[in-house]
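Thanks for coming, everyone. Let me put today's structure on the screen, and then I'll walk you through it.

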Amino acid sequence: MVNFSKYKIYVAGGVGAVVGGLSIYFGIDTMYGIPTLKWDSNWDKRDPRSLIKPMKFISPEKENEYNEKLNKARSKAFRHIILIRHGQYNLLGKTDKERTLTPLGEEQALATGARLKELNFPYTSIIRSTMTRATQTAILIQKFLPDIPVKDCSLLEEGAPIVPEPPHSQWRPEYYVFRDGPRIEAAFRKYVHRAAPEQVNDSYDILVCHGNVIRYFICRALQIPANAWLRFSINHASITWLTISPSGKVSLKTYSDVGHMAPQYITTS
Ligand SMILES: *[C@@H]1O[C@H](CO)[C@@H](O)[C@H](O)[C@H]1NC(C)=O
């Protein structure tokens, strides 16, 4: 009897070891059974090694020359991307111009403007989606940050970035994704990347835009499957803060933060 139980333990242990070994081999997380993907450190195509023409190391001088070029192409500063969703707006409006902020939406925008001022970062720019509700939100925020350069960008308008998984029960997004997806991806590539080598100081860009755009950016920046975007809920006039290090590592500091708002101000729709 004793020998038999021992035998079973050995068999179980052996099977466990083989499964564990295969899991590691195939990149499966043994605890949760989830495939773990390797971080792509050249996700923004700004890794200096991918920018400099390879050189045959024929002499130490040549090697030094290559290393100097590499250093010149290297990012030196952190980029902080502060994504603000617009405030609550009038859903009954037919055209974009009619979809204006509600009185509550205006209060939310003012609360977030006050918060950004209180955070007191050396803001670099405010970039506004050209849709009415985003521009209105930005104008209210600008009251608190009067000296920051402002730009408008239609790439940041709302849309359907990618067909979500799991699918939405009502919405049929295929046409909208075909129309908007590449434009929202273009916005991602324009705004979310490590600092250019010339940038000496850390930068803090405020992007006033939209829920789907922000959720897509987060998935793309964190290298989470982008079709997971609809699994995130996002508050009106909330603060989502991404940081990109000089090596291209990405950190999500806050998501959908409305901790600065009184509870009665907090809405998602
Ligand atoms: C970088 O920051 C320093 C210190 O705040 C400042 O003096 C300098 O003008 C900044 N440089 C640029 C290019 O913004």
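I'll start with the whole chain, move to the sheet, and finish with two helices.

One thing up front. This is a predicted model.

So, the overview. The protein chain has 269 residues, and 43% of them count as buried. It holds 7 helices and 6 strands. Read from the N terminus, the order is α-α-α-β-α-β-α-β-α-β-α-β-β. Contacts reach along the sequence. Take those with a separation of 6 or more: 70% of them link residues 24 or more positions apart. The accessible surface of the chain is about 15,600 Å². Carbon and sulfur atoms make up 58% of that surface.

Next, the sheet. In what order do the 6 strands sit? The order is E3-E2-E4-E1-E5-E6. The sheet is open, and its pairing is mixed. Strands E3, residues 150–153, and E6, residues 250–257, are at the edges. Each has a single partner strand, so one side of each has no neighbour in the sheet. From one strand to the next, the twist averages 20°.

Stay at the E3 edge for a moment. Strand E2 covers residues 125–129, and it runs parallel to E3. How many bridges join the two? There are 4 bridges. One pairing to look for is arginine 128, whose bridge partner in E3 is aspartate 152.

Now helix H5, residues 132–142. It lies across strands E1, E2, E3 and E4. For orientation, E1 is 79–85 and E4 is 203–209. Against E2, the helix runs at about 155°.

Two threonines in H5 deserve a look. Threonine 132 belongs to this helix. Is it buried or exposed? Its relative accessibility is 16%, so threonine 132 counts as buried. What does it touch? Leaving out residues up to four places away in sequence, threonine 132 touches Asp96, Lys97, Arg99 and Thr100. With aspartate 96 there is a side-chain to side-chain polar contact of 2.7 Å.

The second is threonine 135, also in H5. This one is buried too, because its relative accessible area is 18%, and the cut-off for buried is under 20%. Beyond its neighbours within four places in sequence, threonine 135 contacts Arg128, Ser129 and Thr130. Its side chain comes within reach of the backbone oxygen of serine 129, at 3.1 Å. Recall that arginine 128 is the residue bridged to aspartate 152. What about threonine 100? Threonine 135 is 35 residues from it along the chain, and their C-alpha atoms are 9.7 Å apart.

Last stop, helix H4, residues 103–119. It has 17 residues. From first C-alpha to last it reaches 25 Å, close to the 24 Å expected at 1.5 Å a residue. Which of its residues are buried? They are Gly105, Gln108, Ala109, Ala111, Thr112, Gly113 and Leu116. Several spacings there are worth a thought. An α-helix has 3.6 residues a turn, so residues three or four places apart point the same way. And what do the buried residues of H4 pack against? They pack against E1, H5, E4 and strand E5, which is 239–244. Just after the helix comes asparagine 120, with a positive phi of about 60°.

To recap: H5 lies across four strands I named, E1, E2, E3 and E4, and the buried residues of H4 pack against H5 as well as against strands. Happy to take questions.

Technical notes
Residues numbered from 1 in each chain as written. Predicted model: local features only at pLDDT ≥ 70, side-chain atom pairs only at ≥ 80, totals over all residues. Heavy atoms only, no water. Pairing = 2+ DSSP bridges. Axes fitted to C-alpha atoms, helices over the stretch in contact; angles between N-to-C directions. Contact = heavy atoms within 4.5 Å. Buried < 20%, exposed > 50% of the residue type's maximum accessible area, 1.4 Å probe, protein only. Polar contact = N/O pair within 3.5 Å; in protein donor to acceptor, adjacent residues only side chain to side chain. Expected span 1.5 Å × (residues − 1). Areas by Shrake-Rupley, 256 points an atom, 1.4 Å probe, with all protein chains shown as cover.
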